[in-house]
Structure formats: C-alpha cells, structure tokens
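Subject: Structure handover

Hello,

Here is the structure I promised to pass on. Please open it first, then read my notes below.

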Amino acid sequence: MSKALGTFALVTVLSALLMALSLAVARHGYPYGAFGMKRLDGIAEAGSFLAIAAIYFFSALLMMILPIRAAGVVLTHAADAIFWATIMLFATIVGSLLARWAFGQHEVLWGLFNWRFLFVAAIVAAHLTMNELRRNVLLRSLFFVIFAAVTLACLFWSFSV
C-alpha cells in the first residue's frame with residue numbers, strides 16, 4: 001500500500017511539474033507550451049479506465065479459477081502491470097489538474113469528480129484484497145461472478161451519462 005501511495009505521489013508531482021512548465025512556456029507566448037499541455041492531457045482521460053478495468057477484472061476472474069501457479073503468472077504478468085498503469089494514469093491526471101489549478105484555472109478540479117474514476121478505486125481495492133479473495137473458497141466463488149459481471153459491463157455497457 002505504501003509503495004502504491006509513494007508511486008502515486010511521485011508521478012503526481014512529476015506530471016504537475018511538467019504541466020506547470022508547459023503552462024509557463026505557453027503563458028510566455030511560445031507554441032511549444034500548448035504542445036506539452038496537449039500531450040499531457042492526451043495521456044489519459046476518465047473514459048480510458050473502462051477498458052483498463054475490463055482487462056484487469058478479466059485477469060482477476062482468471063486468478064479466481066486458475067490453479068495457484070497459473071494464477072501467479074496472471075498476477076505478476078497482467079494484473080500487477082495493469083494496477084501500476086492505473087496508478088500512473090490517474091496520478092498523471094491529478095498532477096496535470098493540480099498544475100492547472102495552481103496557474104489559476106480553478107474550475108478544472110471539478111474534473112476529478114467524474115464517476116468513471118470509480119473504476120480506478122475498484123481496480124485498486126480489488127488488487128489490494130486479491131490475496132484474501134484467493135484464500136477463501138466462498139469469496140473466490142462470489143468474486144468470480146462479480147468479476148465476470150464487471151468485465152462484461154465494462155466491455156459492453158454504454159455507461160452514457
């Protein structure tokens with residue numbers, strides 16, 4: 001947990017510094033600042049977490065039914081990498097928005113209240129409790145069904161609001 005928080009904090013600070021640099025360069029009239037802001041804004045958006053969640057919860061579903069060795073391979077080569085990518089993408093969004101807020105764009109923080117960021121919380125919660133879910137047969141069976149439902153919902157539900 002502390003490693004995840006440390007990674008989140010570091011990536012947030014780094015992306016905030018890069019966004020602040022881009023904003024400062026753009027404020028001085030150079031077009032390169034707009035390019036930097038566009039690239040940082042294009043890295044991730046709330047909607048991209050739907051596809052990430054579908055992949056993560058499909059790998060979590062596999063971990064519930066596979067034998068321990070195969071589940072370990074899925075954990076280390078898929079679920080763990082997706083977890084860290086989710087942390088990095090969300091931290092980039094938060095850092096970019098904080099830098100914009102520091103430069104006087106106070107309304108941008110409302111972007112953090114997008115309901116699609118709940119998928120980030122779901123991925124983090126599932127990843128941090130995965131050990132407990134694998135140990136208990138009843139929880140494993142229950143979360144197999146839950147992970148299947150979430151995977152299918154992320155893939156096929158429109159989630160239009």
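Which residues of the largest nonpolar core touch the most other members? They are F49, Y56, M130 and F147, in a core of 33 residues. Keep in mind that this is a predicted model.

**The cores**

Several elements build the largest core. Those giving two or more residues are α3 (48–65), α4, α5 (118–128), α6 and α7 (137–156). Helix α3 gives the most, with 11 residues.

M130 is a good place to start looking. Leaving out residues up to four places away in sequence, M130 touches Y56, A60, M63, M64 and F147. Y56 and F147 are also on the list of residues with the most contacts to other core members.

Another core lies apart from this one. It has 7 residues, including A16, M19, A20 and M37.

**Salt bridges**

How many salt bridges does a search of the whole structure find? The count is 2.

One joins the side chains of R100 and D41, at 2.5 Å from N to O. R100 sits in helix α4 (residues 68–102) and D41 in helix α2 (residues 32–43), so this pair ties together parts that are 59 residues apart in sequence. Is R100 buried or exposed? R100 counts as buried, because its relative accessibility is 14% and the cut-off for buried is under 20%. Its partner D41 is partly exposed, at 37% relative accessible area.

The other bridge pairs R135 with E132. Their closest N and O atoms are 3.3 Å apart. Both residues belong to helix α6 (residues 130–135). They are 3 residues apart there, so about one helical turn separates them. R135 counts as exposed, at 58% relative accessibility. E132 counts as partly exposed, at 42%.

**Record annotations**

The UniProt record, an unreviewed entry, lists residues 48–69, 81–103, 109–130 and 137–159 under "transmembrane region". I looked at two of these spans in the model.

- Residues 81–103: the span is 96% helix and 0% strand, and its end C-alpha atoms lie 33 Å apart.
- Residues 109–130: the span is 55% helix and 0% strand, with 31 Å between its end C-alpha atoms.

For a quick tour, begin at M130 and its contacts, among them Y56 and F147. Then go to the R100 and D41 pair. Finish with R135 and E132.

Best wishes

Methods. Residues are numbered from 1 along each chain as its sequence is written. This is a predicted model: local features need pLDDT of at least 70, side-chain atom pairs count only at pLDDT 80 or more; totals for chains, interfaces and linings use all residues. Side-chain values use heavy atoms; hydrogens and water are left out. UniProt positions are given in the numbering used here, feature names are shortened, and annotations may be inferred rather than shown by experiment. Helices (H or I, at least four residues) and strands (E, at least two) are DSSP runs, numbered from the N terminus. A salt bridge is a side-chain nitrogen of Lys or Arg within 4 Å of a carboxyl oxygen of Asp or Glu. Buried means under 20% relative accessible area, exposed over 50%, partly exposed in between (1.4 Å probe, protein chains only). A nonpolar core is a set of buried Ala, Val, Leu, Ile, Met, Phe, Trp, Tyr and Cys residues joined through side-chain atoms within 4.5 Å. Contact means heavy atoms within 4.5 Å.
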